[in-house]
Amino acid sequence: MKSVRSTTGIDPAGPGNEPSTRVRFGPYLLDRVDQRLWNGEDHVPLPPKAFDLLSFLVARPGLLATKEDLLDGVWPDTYVSDAVLKVTVGELRRALGDSAQAPHWIQTVHRRGYRFIADVEGAEPSVPAPVARTEPIDPDHVVGRRAMFEDLFAAFAAACSGDRRTVFLTGPPGVGKTAVVDCLVAHQAGTEALVAHGQCRESYGEGEAYLPILEAVGGLCRGERAPAVMSILRRHAPSWLLQMPWVLDDDDRRAVEEAARHVGRERMLREIADGLEELSRDCPLLLILEDLHWSDPSTVDVLSTLAQRTSPARLLIVATYRPIDAVLSDHPVKSLKQDLVARGRGVELPVQLLGKEDIGAYVEHLLSVPAPPEVVDLIHRRTEGNALFMTTLVSDLVEQGCVERVDDRLELRRSIEEIEGLFPDELKQILERHVERLAPESLRLLECASVIAREFNASMVAALLGDDGRTVEDQLEMLGRGENFVRSIGVERSADGSVTGRYEFGHVLHRHALYDRLGKARRAALHAQVAEILEKAGAGPAQLAYHYHAGGRTEEAIENWHRAGDVAMGRKASVEAIAHCERALSLLAESAASEARDARELTLLTVVGPALGNVYGHGAPRVEEVYARARDLAGRAGGGLEMMGVLAGLFQFYVSRARCLEAREVAEQLRLITDHETAPLIRRSGLLLCGVASTYLGEIDRADEELERTLAMADGDESTQWGYLADGQACAFAAQVHHLRGDAKRAVERADEAIALGVVAKDPFAQAIGLHFASVIHRWRRDVEATRESATRLREIADEHGFEVWRPVSRWTLGWVEAESGDTTAGLEAMRAAMETYRQSGNETARTDYLGTQATVCLAAGAIPEGIALVEEALEQVERSHERFHEAELHRIRAALLASGPDAEKAAECAIEISRAQGARALELRALVTLCTVLGTKRNAKKKARDALARLYDELPSDLDTPDRADARRVLGRDEPHV
């Protein structure tokens with residue numbers, strides 16, 4: 001707050017220079033005597049203080065009016081905060097039809113004040129007219145940065161022309177990165193550019209997914225261009241609006257929820273990139289992300305997505321971080337920066353330590369006289385050119401009377417030896433000495449603030465102190481003007497509608513110096529108080545967890561880290577979800593054993609399991625550990641519904657690793673639980689997983705019965721979301737089973753149903769499942785074009801939504817299409833690469849099928865040894881995994897590769913035996929055709945095989961002709977399809 005000295009009213013021009021009574025600017029006339037503003041013949045109503053503020057500004061056009069000047073001049077004998085000034089400026093702008101982003105009348109000078117920029121008629125001639133700025137801003141607190149400013153301003157100019165740029169400002173703490181950013185923001189003030197600013201926070205930023213991005217975008221949603229910003233985000237980034245519920249009303253929320261249903265992580269990244277690029281179409285966008293060494297991994301992913309796009313965008317990204325912190329924590333921003341710079345997609349601008357010339361220039365600018373060389377040497381020696389320590393030490397030198405300005409020179413009042421003894425070598429101790437000189441009430445206030453965060457509001461500090469909020473805000477305003485510890489950064493409105501000032505420490509090291517002074521007991525008590533205050537204000541769970549943990553409130557910390565994990569999963573931020581839940585689990589491990597503790601651990605594990613699967617693959621060893629522990633805990637609790645999600649996750653792990661017998665055991669256990677449930681959807685979930693396990697085990701008849709029963713149990717719930725998903729998966733596996741049984745037409749119909757159910761459910765993953773199985777059915781039928789269509793659509797969905805499991809599968813299938821279309825060499829190479837990617841992901845599911853099919857392409861390419869090796873590898877996996885649905889086909893392919901001889905005959909006969917035992921008549925048909933081929937001139941054996949082939953050919957459904965049936969007709973000597 002501002003304590004003003006004048007009680008004589010507005011006096012902007014100073015003694016003897018009274019302003020004119022009538023002033024014109026543009027179409028407006030300001031009448032000081034009548035206290036009115038006119039626009040032509042129309043009276044423009046203004047509140048009294050808004051009129052006074054306008055009078056103050058127009059009396060000194062072109063000159064900076066600092067906040068202190070305005071508060072002194074317009075509110076001469078009252079205490080008011082910066083918030084009042086901002087509100088009044090907003091009233092003026094609305095009355096004048098002005099804009100902060102593209103001002104005609106009143107320009108904001110970032111963090112300093114305001115300037116009236118229009119031509120004024122009637123102002124005193126002695127007052128300079130506004131002059132357009134042609135040189136870059138070079139504030140006194142960023143001396144020595146001219147070359148860096150030129151690079152930044154050039155990058156901004158390039159971005160304004162559509163050439164997106166990414167700049168990393170790097171350097172140690174206190175070197176001046178934020179000052180450089182402030183200069184850049186000030187440089188674009190008055191242009192049409194939008195500024196979006198996000199700050200990573202040390203206290204809880206590590207795991208708060210997308211925190212600085214949400215802060216930056218949220219600021220745009222609350223700014224003067226909010227309607228346009230919201231409109232663009234509704235169209236291009238609805239999933240991001242859902243993360244900022246405070247900007248949505250009920251109708252908006254429902255519409256956005258519908259648009260953002262089932263959006264995955266990759267889609268969220270694409271949405272925010274599309275949204276920000278669309279915002280930059282109308283005006284350049286400056287996106288500032290500070291202190292990325294504290295950022296969450298998801299924020300780095302957003303930065304990577306934006307920086308690596310090649311399409312034109314009027315976008316400049318400025319990211320700051322400390323390299324040493326990033327290296328020590330192995331933060332991903334380090335490798336991202338290196339990659340972007342190496343590929344020419346980004347540039348690093350290290351903010352260097354100041355040299356002696358820079359220090360001398362700063363002292364001269366500050367004190368208006370040159371500094372003696374010995375003083376400059378002393379400052380440089382003690383601060384090593386760190387800008388923060390330099391400014392603090394210079395202030396100390398002046399305050400302690402070590403130097404004094406005398407006329408046009410700076411004189412030393414103590415010897416260099418004496419001064420050397422006053423200041424320690426350890427740089428941080430300079431700040432500590434500064435802290436020690438604070439008045440007791442100021443020190444207590446700032447210590448409380450240091451517990452909150454680098455940014456804080458006055459009302460929270462007042463609550464910690466048990467003091468009046470108005471008094472605390474007065475103190476903070478005075479501290480902000482007299483010291484470098486804090487500065488005002490605006491206002492915020494609390495849930496009860498009250499407005500309070502918002503502040504930040506001048507540097508994070510200021511906060512650390514104050515925080516480190518607190519004793520452990522007081523620090524813990526303050527953290528607990530902060531958590532309680534923040535909880536009432538609706539703060540995020542990660543922030544609450546941090547403070548509760550620091551406050552020794554373990555139960556509350558565990559609860560909030562659990563909630564933070566749920567929030568992160570809702571944002572598709574699995575890495576952060578794992579981090580939050582693992583912190584909760586580590587605290588939980590220290591708690592005494594109890595049923596409540598086990599219940600909490602179980603719920604945490606059910607979040608960690610899917611998150612681990614998303615990040616490392618559902619077949620990762622850690623996934624099994626998590627679900628095995630969860631299974632044990634659920635068993636202790638009596639099983640029931642608590643066990644269902646655990647078993648489903650464990651089933652997915654076993655399927656991913658192709659551990660089919662274990663998958664069957666888990667599915668049977670789940671079926672025992674679900675059979676006792678009344679809800680049809682729950683009851684059929686266990687049966688569905690049994691059908692899936694039976695399919696992989698090659699138990700075709702059993703799988704057919706289980707899957708068809710699953711579909712028959714819909715009982716009216718098929719219109720629900722999970723009903724669609726269950727039906728879609730059942731149809732997908734049923735399609736595979738129908739094909740193996742020899743009913744090709746029914747297989748295609750079920751595959752089409754699976755795709756359609758995914759579309760109706762508006763669920764991309766369900767669509768991907770349907771498309772994958774459709775591509776498998778079409779590939780087995782050797783329908784190249786239908787396979788191409790399904791696999792291409794699958795690849796597009798996988799790329800859009802980041803479905804890692806389907807990416808290599810779709811590319812492998814398209815490699816097969818390429819080989820079948822005539823380019824065997826290129827197709828085989830694509831299949832090899834995709835299968836290696838699939839293998840590295842840890843997935844083993846259906847590799848027996850993929851390896852066997854790849855072997856058939858080797859046969860066509862003449863790469864017989866490679867084909868045989870692939871078949872042998874697949875058969876080894878069959879024995880290891882018990883994944884037998886493709887076993888008969890593997891033996892048939894081996895026979896085809898051997899071409900002739902007793903081993904080829906044995907392989908074909910083995911294929912026939914296995915397929916008959918499984919009821920896989922489609923595979924039996926193929927095996928009989930191959931046997932007839934490899935038998936060569938063995939007349940009796942060949943006749944016996946042909947007779948068996950004819951019987952099977954006539955028994956199979958004939959309503960869909962396939963290449964397999966055509967091959968059978970060729971061997972049987974039948975010219976026309978059998979009807």
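Start with the whole protein chain in cartoon view: its secondary structure comes to 45 helices and 19 strands. Keep in mind as you go that this is a predicted model.

Stay with the full chain and colour it by accessibility. Of the 979 residues in the protein chain, 55% are buried. Switch on the surface next, and you are looking at about 40,900 Å² exposed by the protein chain, with carbon and sulfur atoms supplying 50% of that area. For a feel of how the chain meets itself, turn to the contacts with a separation of 6 or more: 65% of these in the protein chain are between residues 24 or more positions apart.

Now zoom in on two loops.

For the first stop, select α25 (554–570) and α26 (574–588), then look in the loop between them, where lysine 572 sits. What is the sign of phi at lysine 572? The value is positive, near 60°, in a residue other than glycine. Show the surface around this side chain too: lysine 572 has 29% relative accessibility and counts as partly exposed, because that value falls between the 20% and 50% cut-offs.

For the second stop, move along to α29 (641–656) and α30 (660–674), and pick out alanine 658 in the loop that runs between these helices. Here again the backbone is worth a look: alanine 658 is not a glycine, yet its phi is positive, at about 55°. Is alanine 658 buried or exposed? With a relative accessible area of 1%, alanine 658 is buried, since buried means under 20%.

To finish, display both residues together: lysine 572 is partly exposed, whereas alanine 658 is buried.

Conventions
Residues are numbered from 1 along each chain as its sequence is written. This is a predicted model: local features need pLDDT of at least 70, side-chain atom pairs count only at pLDDT 80 or more; totals for chains, interfaces and linings use all residues. Side-chain values use heavy atoms; hydrogens and water are left out. Helices (H or I, at least four residues) and strands (E, at least two) are DSSP runs, numbered from the N terminus. Buried means under 20% relative accessible area, exposed over 50%, partly exposed in between (1.4 Å probe, protein chains only). Contact means heavy atoms within 4.5 Å. Accessible areas come from the Shrake-Rupley method with a 1.4 Å probe; for residues, only the protein chains shown count as cover.
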